[in-house]
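Work through the exercises below with the sequence and the coordinates at hand. Each task is followed by a stepwise solution.

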Amino acid sequence: MEGIFFNSLQKKISNGGHVCHGLKSSDDSFCGYGEAYFSVIKGLTIRPWKLHNLMTLNLIVILGEVKFVVADLRNNSNTIGQTREFILNDNDRYGRLTVYPGIWVAMQGNTIGKNIILNIANIEHSEDEIVREGIDFINHDWGRE
């Protein structure tokens with residue numbers, strides 16, 4: 001899908017803990033640095049649809065597991081109308097999901113406890129550049145009752 005990249009990331013494991021790579025300025029998807037922040041999704045909660053007009057997201061799950069659903073509704077895109085799921089976790093599906101501006105994204109915690117996401121953004125957070133919609137804005141089977 002245009003505007004979406006997934007990169008598997010390296011983990012260096014040792015007896016005393018491990019080092020998990022996130023983002024390097026030499027990565028193809030790197031487009032600057034504005035801020036890094038953590039988001040927590042409790043339990044199996046769904047975070048509704050959000051579109052950033054300016055911010056590029058670099059999403060890494062550092063605890064738990066999160067299902068990200070992305071949708072391309074851009075009129076000038078070759079992948080208009082497509083949706084795609086990515087499941088990332090802090091274990092065997094460790095990686096970075098890069099979401100460029102103009103792509104809708106929603107997410108769901110996949111574990112009962114806390115699910116923690118690190119976003120390394122290219123700009124500082126600003127409510128002025130975000131569009132928000134409800135969970136039913138884009139049709140997707142979240143497995144809800």
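**Exercise 1.** Find the residue of strand 10 that stands opposite I46, then place the pair in its sheet.

*Solution.*
- Step 1. In this predicted model, I46 faces Q108 of strand 10.
- Step 2. Widen the view to the two strands. Strand 5 covers residues 46-52 and strand 10 covers residues 104-109. Four bridges pair them, in the antiparallel sense.
- Step 3. Now take the sheet. Its strand order is 8-7-10-5-12, an open arrangement of five strands with antiparallel pairing.
- Step 4. Look at the ends. Strand 8 (83-89) and strand 12 (130-132) are the edge strands, and each pairs on one side only.
- Step 5. Add the twist. From one strand to the next, the average is 25°.

**Exercise 2.** Which residue of strand 9 stands opposite L57? Trace the sheet around this pair.

*Solution.*
- Step 1. The residue opposite L57 is V99.
- Step 2. Strand 6 (residues 57-63) and strand 9 (residues 95-99) run antiparallel, joined by three bridges.
- Step 3. Both belong to an open, antiparallel sheet of five strands, ordered 1-9-6-11-4.
- Step 4. Strand 1 and strand 4 are at the edges. Each has a single partner strand, so one side of each lacks a neighbour in the sheet.
- Step 5. The twist in this sheet averages 25° from one strand to the next.

**Exercise 3.** Is L23 buried, partly exposed or exposed? Describe its surroundings.

*Solution.*
- Step 1. Locate L23. It sits in the loop between strand 3 (17-20) and strand 4 (35-42).
- Step 2. Apply the cut-offs. Buried means under 20% relative accessible area, and exposed means over 50%. The relative accessibility of L23 is 22%, so L23 counts as partly exposed.
- Step 3. List the contacts, skipping neighbours within four places in sequence. L23 touches F30, N58, R96 and I120.
- Step 4. Check a distance. L23 and L51 are 28 residues apart along the chain, and their C-alpha atoms are separated by 22 Å.

**Exercise 4.** How many residues line the largest pocket, and which lie nearest its centre?

*Solution.*
- Step 1. Count the lining: 13 residues.
- Step 2. Nearest the centre are N7, S8, L9, D27 and R96. R96 is also one of the contacts of L23.
- Step 3. Split the lining by class. Three residues are nonpolar, six are polar and four are charged.
- Step 4. Ask where the lining comes from. Strand 1 (residues 4-8) gives the largest share, three residues.
- Step 5. Finish with the volume of the largest pocket, about 200 Å³.

Notes
Residues are numbered from 1 along each chain as its sequence is written. This is a predicted model: local features need pLDDT of at least 70, side-chain atom pairs count only at pLDDT 80 or more; totals for chains, interfaces and linings use all residues. Side-chain values use heavy atoms; hydrogens and water are left out. Two strands pair if DSSP finds at least two bridges between them. Axes are lines fitted to C-alpha atoms, for helices over the stretch in contact, and angles run from 0 to 180 degrees between N-to-C directions. Buried means under 20% relative accessible area, exposed over 50%, partly exposed in between (1.4 Å probe, protein chains only). Contact means heavy atoms within 4.5 Å. On a 1 Å grid over the protein atoms alone, a cavity is a set of points where a 1.4 Å probe fits but cannot get out, and a pocket is an open set with protein on both sides within 12 Å along at least five of seven lines; lining residues have an atom within 4 Å of a point. Grid points are joined across faces, edges and corners, and a volume is the space filled by probe spheres set on the points. Ala, Val, Leu, Ile, Met, Phe, Trp, Tyr, Cys and Pro count as nonpolar, Asp, Glu, Lys and Arg as charged, and the others, Gly among them, as polar.
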